[in-house]
There are 2 protein chains.
Amino acid sequence: MNEAPARLRRKPSWLINRASARAHRLIKETMAAAGGHAYHFAILAALDEFGPNSQVQIGQRCGIDQSDMHTMLNELVEQGHVARAPDPADRRRNLVTLTAAGRRRLEDLDTTLTRVQHDILDALSATERDTLTGLLTRILG
Amino acid sequence: MNEAPARLRRKPSWLINRASARAHRLIKETMAAAGGHAYHFAILAALDEFGPNSQVQIGQRCGIDQSDMHTMLNELVEQGHVARAPDPADRRRNLVTLTAAGRRRLEDLDTTLTRVQHDILDALSATERDTLTGLLTRILG
DNA sequence: CGTCCAATCTTGGTCGAACCAAGAGTATAT
DNA sequence: ATATACTCTTGGTTCGACCAAGATTGGACG
């Protein structure tokens with residue numbers, strides 16, 4: 001691609017969108033090659049950190065819509081990485097729990113995705129990566 | 001939304017995607033309210049900075065696909081902000097030129113979008129905004 | 001108890017951005 | 001002259017994000 005107009009290059013929103021598109025594409029390809037989906041990692045991480053939970057609550061943690069959650073859980077159950085069973089304490093809910101295979105899967109995906117971060121942030125030093133992470137965290141706060 | 005899992009919060013790609021989603025939503029709403037599209041600004045800016053040009057070349061500048069370019073130009077022509085005429089020097093091409101109204105429109109959109117940047121980066125100081133812009137520019141380089 | 005409202009899951013959509021492919025017309029090289 | 005390359009147009013597909021309605025269950029309150 002040729003150089004973009006200066007007015008555009010100076011807009012943070014444009015830079016963020018471009019960076020997001022590039023990162024998203026890389027992550028998507030990587031996860032597809034691993035037989036998964038970016039959302040899988042988020043869900044497994046939430047279960048690992050917060051314990052068994054209902055579908056909506058996992059969704060709220062990760063910013064995933066209920067209906068998309070449903071699809072993703074179908075896949076994760078299919079792969080044996082999570083178990084989904086009616087919550088005996090509240091039978092409206094499904095209690096989603098991490099299986100042993102799911103915990104291993106989480107670690108695998110974590111190392112894979114951490115590696116991808118390095119590719120994305122290739123041009124930055126370790127300190128700069130921390131700075132970027134900090135700034136992004138703050139604008140999301 | 002509840003707090004996201006730490007493993008997720010630490011991934012720059014996740015932060016970038018979230019920030020992009022938020023920014024993109026804001027921009028989209030703002031441009032829709034102004035009767036436009038985010039791409040309109042990019043196209044007008046490219047014409048202003050690089051002069052009349054063919055559709056593919058504008059697209060390469062701004063990272064817009066040919067077919068999307070076609071749609072966007074239909075809208076901009078309709079609004080009277082650009083003119084599209086066959087290039088006499090190469091009749092495969094359409095020469096797209098900025099009209100006087102288009103130049104005014106560009107300035108309007110620029111001030112509007114600059115204001116939106118402030119909303120997006122509300123939590124950051126001016127120096128930090130420059131830092132963020134610089135880091136993002138480098139990872140895109 | 002019965003009634004009404006709220007929460008959850010499931011299902012089946014919509015919408016927009018990004019991308020891809022084929023065809024028609026035009027230019028260029030050999 | 002012919003083959004190749006370029007441009008625009010048209011008509012798609014894919015995917016993430018989002019929305020809505022129905023069925024089931026829980027809880028509140030008369």
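Two residues are in contact if their C-beta atoms, placed from the backbone, lie within 7 Å. Keep that one in mind; we need it right away.

What we have here is a predicted model, so local features need pLDDT of at least 70, side-chain atom pairs count only at pLDDT 80 or more, and totals for chains, interfaces and linings use all residues. Residues are numbered from 1 along each chain as its sequence is written, while chains are lettered from A and ligands numbered from 1 in the order in which they are written.

Let's start with the two protein copies. Of the interface residues of chain A, 100% are also interface residues in chain B, so the copies meet through the same surface. How many residues does the contact take from each chain? It takes 47 from chain A and 47 from chain B. On the chain A side, the elements giving two or more residues are helix 1 (6–9), helix 2, helix 3 (38–50), helix 4, helix 6 (100–120) and helix 7 (126–140). Helices here are DSSP runs of H or I with at least four residues, strands are runs of E with at least two, and both are numbered from the N terminus.

Now the chemistry of that side. It divides into 26 nonpolar, 12 polar and nine charged residues. The classes go like this: Ala, Val, Leu, Ile, Met, Phe, Trp, Tyr, Cys and Pro are nonpolar, Asp, Glu, Lys and Arg are charged, and the others, Gly among them, are polar.

How do the copies relate? Two copies of a chain are related by a rotation about an axis and a shift along it. In this model, a turn of 180° and a shift of 0.0 Å along the axis lay chain A on chain B with an RMSD of 0.0 Å. That is the relation of a two-fold axis. The superposition is by least squares, on the C-alpha atoms of residues with pLDDT of at least 70 in both copies.

Next, one chain alone. Chain A has seven helices and two strands. Along the sequence the pattern is α-α-α-α-α-β-β-α-α. Its C-alpha atoms fill a box of roughly 60 × 30 × 25 Å along the principal axes. Of its 141 residues, 36% are buried. Buried means 20 or more other C-beta atoms within 10 Å of the residue's own, exposed means 12 or fewer, and partly exposed is in between; these C-beta atoms are placed from the backbone. Take chain A contacts between residues at least 6 apart in sequence: 48% join residues at least 24 apart.

On to the DNA. Which residues are closest to DNA strand C? They are A:Ser54, A:Gln55, A:Ser67, B:Ser67 and B:Arg91, out of 19 that surround the strand. Near means that the C-beta atom, placed from the backbone, lies within 6 Å of the strand. Helix 2 (12–33), helix 4 (55–62) and helix 5 (66–78) of chain A each supply at least two residues, and so do helix 5 and strand 2 (90–98) of chain B. By class, this surface has two nonpolar, nine polar and eight charged residues.

DNA strand D also has 19 residues around it, with A:Ser67, A:Arg91, B:Ser54, B:Gln55 and B:Ser67 nearest. Here helix 5 of chain A gives two or more residues, as do helix 2, helix 4, helix 5 and strand 2 of chain B. The class count near strand D is two nonpolar, nine polar and eight charged.

Let's look at two of those helices. In chain B, helix 4 and helix 5 pack at an angle of about 105°, with their axes 9 Å apart. That makes helix 4 of chain B roughly perpendicular to helix 5 of chain B. Roughly perpendicular covers 65 to 115 degrees; under 35 is roughly parallel, over 145 roughly antiparallel, and the rest oblique. The axes are lines fitted to C-alpha atoms over the stretch in contact, and angles run from 0 to 180 degrees between N-to-C directions. Helix 4 of chain B brings B:Gln55, B:Val56, B:Ile58 and B:Gly59, and helix 5 of chain B brings B:Gln66, B:Met69, B:His70 and B:Leu73. That contact has four nonpolar, four polar and no charged residues.

Last, a few single residues. B:His81 sits in the loop between helix 5 and strand 1 (82–87) of chain B. Is B:His81 buried or exposed? It counts as buried, with 24 C-beta neighbours inside 10 Å. Beyond its neighbours within four places in sequence, B:His81 contacts B:Leu44, B:Leu76, B:Thr99, B:Ala101, B:Gly102 and B:Arg105.

B:Arg105 lies in helix 6 of chain B. B:Arg105 is buried too, with 23 other C-beta atoms within 10 Å.

Over in chain A, A:Phe41 is in helix 3. A:Phe41 counts as buried, with 26 C-beta neighbours inside 10 Å. Leaving out residues up to four places away in sequence, A:Phe41 touches A:Leu109 and A:Leu113.
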